[in-house]
Amino acid sequence: MLKLSLIAWLLCSLTWRTTPTSCHRTQPPPSVEELLANRLHSYMDLTARPCENFYQYACGNWPLQQMEQPPETQQMAEQQQQLHQREQKEQLQPSDTLAVLDYALNRQLEQLLRRGVSNDSSTEDEQLLSIHEKMHNYYRACKRLKPYNLKKYLQLLPPSNCTGWPLLSRKWSPETFSWLATIGRLRSYGLNGVLLKEEVLPRWDDASSYAINLDKPSQQETIPMGEGAIIELLLDIGQTKREANVLARQVDFFERQLHRLQDIEDDMGNMETELCYLAEIMPQLQWTAFIQELPINATASELERPPALLIQNVPYMRALDKFLRRHKPETVCNYIMLKLLAFLKQQGPAEISRVECVASLRRAMPLAASLLIGQRFHDPNSEPLVSEIFGRLKRRFGQLINENRLQLKQPILRVLQEKLDAMRLQLGFLQLNETSYVDDYYEPVQMGAQSFYENQLALLRLRVERNHQLLTMGNQYNGNNVSYLTERELSSSLSPFFALPRNLVLVPYGFLQLPIWHRNMSELQQHAVLGFILAHEIIHGFDNHGIHYDSVGNLMGPSEEIWASPRYNQSINCIEQHVATGSKSLSEKIADFEAMRLVYETYFGEKFSIDRKEPRDPLLPQFSQRQRFFISFAQFFCGKQQSLNAQHLEHAVDELRVLQTLANFEEFSREFGCEKRTKMQAKKKCRVW
Ligand SMILES: [Zn+2]
């Protein structure tokens, strides 16, 4: 029953600010440390050998502990048919620590929304009331969906004024269909990375102002959806099985060929120009139709100078045009439609449970959700503690830079130190006093309590408009410094990240919750989990990408000088060998390897440097403090073995992260007494800084 009590306690602890008396208990509650010690022990598989597979040792029983459901969800599930019930239960089980956190947070937000957010507090702030009302209406409209019907989006959003969708409309006319006009129109509703990619990003040479970036989609974005996923979407919009099969085959063939265009080399490189010159560079493409659909025109007249445009992969775009001419307009339009449906489905609520409407709300209104989470669930007393850890990590990394393992020249060391000094930590996607900014942001949209699809499309469009407005505000813009990221998933996720053009580590409010963080946790536990994450993000400022950026986030970092160091090259080669066996990118591997050393030395180096005779762990005396540090670190990555292939792969990635990071760290094997030939001892250990 440990699990149930833990979840109940977790939920209670989340509401401590709003409803401190909502959790009545008969016995004195266990302390945070006691609960965490019990939890740590219950996740472990003590039959596994730590030197052979430390992940199994630390996380082996994690999935078992996640089997029990919160009571309310169970009741709901019992009303369903048995088969469906089993399916639902499986899907509802959180798959990893972040999912546990997400789920607990969504349930808290749901309770708040059911009561009506503003009823819950005595706020008289009109701006806040207006934000809450919009969130509440979005949520209510979502809950009224019976069922969630993707076809509604297509009815609201035709590919252009001149034509309808081939599958649904008698208005379909291949002669007037223009793929660029369609892509432009759907781009203004948030679809991106389909055939082209258009983004407003900080300028490379002046990160405080913005430019439009036009590029080909990423490799990831053009990975074919596959016939199965296409058929599912087509059935969702009411196609018969037979129709869906025929169409899926056509689109699948198209998609595979399209994916091959990724191989085209960019022998022209980057170009800086203005939108109006696009037609000169690539006259065969109908750029005017595309540009007219983007939400730039409204603001362009206010500008003294038109916004700068950075183009990459012109040869791809030329080849794309030829490629699309070889295919029937109908197939091209169907492909775009399917990508749109997949995108919207991802933004909307998954059909399985009611908290999904909260999840969808967080995705649709990331700024409002961040404000609400910050104001209701964030403990301001944690801030100095988190900043303190961040500061200590920075100091230790500063020492490492100055020890100069890479034998860099003094001026380069100074530049690196300057960057480290300037690196900031920000809690929350925005600040708690930014209510009026958030109110202004959402001012143009009204949320109907009955009109989910309209609400969602209006919010998506708003987000793209707001991003394009950054182009006109440039240097004088005093708004949120990461607002250019609102279209990215990370604006609504609980995952911390490093913003390269801002030299900024961002930790969302929702992340600083149990089981990851509590201000009454031991310092050891705080360092082993949050400390590692912060260190990982700091290192991103100094990994193979990070070194391209300077202290203010311009792409003018000392990368060439660093690459000239033979030691740096050796280190990167060493780590690349690990990437070959893993599936994460080089920069992630660098961040993991270096962060482990950094956080370990920050914590133990400062506290117990002379002799290693620190006391055993008081609650778990079978482990040394250092052993407990490694177990706690590993347990942040515990996850469920998934039956689906794709998810299984992701799980494997987390497992691999733990195994490789620890096997690369000599202190780990020393602490667990791992011998030379065991799996948890990498043959060659890599180190960069
Ligand atoms: Zn990372």
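**Notebook: surface patch, sheet, core and salt bridges**

I looked up Leu555 first and found the residue partly exposed, with a relative accessible area of 37%. I note that the model is predicted. Leu555 sits in the loop between helix H24 (523-540) and helix H25 (559-563). I then listed the nonpolar surface patch to which Leu555 belongs: Trp204, Leu555 and Met556, with about 290 Å² of accessible area together.

**Sheet**

I turned to the open sheet and recorded three strands in the order E5-E7-E6, with mixed pairing. Strand E5 (424-427) and strand E6 (497-499) are the edge strands; each has a single partner strand, so one side of each lacks a neighbour in the sheet. I noted an average twist of 30° from one strand to the next. E5 pairs with strand E7 (residues 504-507) in the parallel sense, over four bridges. Within that pairing I traced Leu425 to its bridge partner in E7, Val505. Helix H24 lies across E5, E6 and E7 and runs at about 150° to E7.

**Val658**

I located Val658 in helix H29 (residues 645-663). Its relative accessible area is 0%, and I entered Val658 as buried because the cut-off for that class is under 20%. Apart from neighbours within four places in sequence, Val658 is in contact with Tyr55, Phe633, Ala634 and Phe637. I also checked Val658 against Asn53: the two are 605 residues apart in sequence, yet 9.7 Å apart in space, C-alpha to C-alpha.

**Salt bridges**

I obtained a count of 26 salt bridges and examined several pairs.

Glu487 forms a salt bridge with Arg187, with 2.8 Å between the closest N and O atoms. This pair links distant parts of the chain, 300 residues apart: Glu487 is in the loop between helix H23 (452-473) and E6, and Arg187 is in helix H10 (residues 179-187). Glu487 is partly exposed at 23% relative accessibility, whereas Arg187 is buried at 2%.

Asp252 and Arg256 meet in a salt bridge at 3.0 Å, N to O. They are four residues apart in helix H12 (residues 241-260), so about one helical turn separates them. I found Asp252 buried at 8% relative accessible area and Arg256 partly exposed at 45%.

Glu523 and Arg392 form a salt bridge at 3.5 Å, N to O. Glu523 lies in helix H24 and Arg392 in helix H20 (residues 382-403), so the pair ties together parts 131 residues apart in sequence. Glu523 is partly exposed at 35%; Arg392 is buried at 13%. Lastly, I recorded one network, in which salt bridges that share partners join Glu33, Asp617 and Arg628.

Key:
Residues are numbered from 1 along each chain as its sequence is written. This is a predicted model: local features need pLDDT of at least 70, side-chain atom pairs count only at pLDDT 80 or more; totals for chains, interfaces and linings use all residues. Side-chain values use heavy atoms; hydrogens and water are left out. Patches are made of residues with over 30% relative accessible area and no salt bridge: like charges are joined within 9 Å, nonpolar side chains (Val, Leu, Ile, Met, Phe, Trp, Tyr) within 5 Å. Accessible areas come from the Shrake-Rupley method with a 1.4 Å probe; for residues, only the protein chains shown count as cover. A salt bridge is a side-chain nitrogen of Lys or Arg within 4 Å of a carboxyl oxygen of Asp or Glu. Helices (H or I, at least four residues) and strands (E, at least two) are DSSP runs, numbered from the N terminus. Buried means under 20% relative accessible area, exposed over 50%, partly exposed in between (1.4 Å probe, protein chains only). Two strands pair if DSSP finds at least two bridges between them. Axes are lines fitted to C-alpha atoms, for helices over the stretch in contact, and angles run from 0 to 180 degrees between N-to-C directions. Contact means heavy atoms within 4.5 Å.
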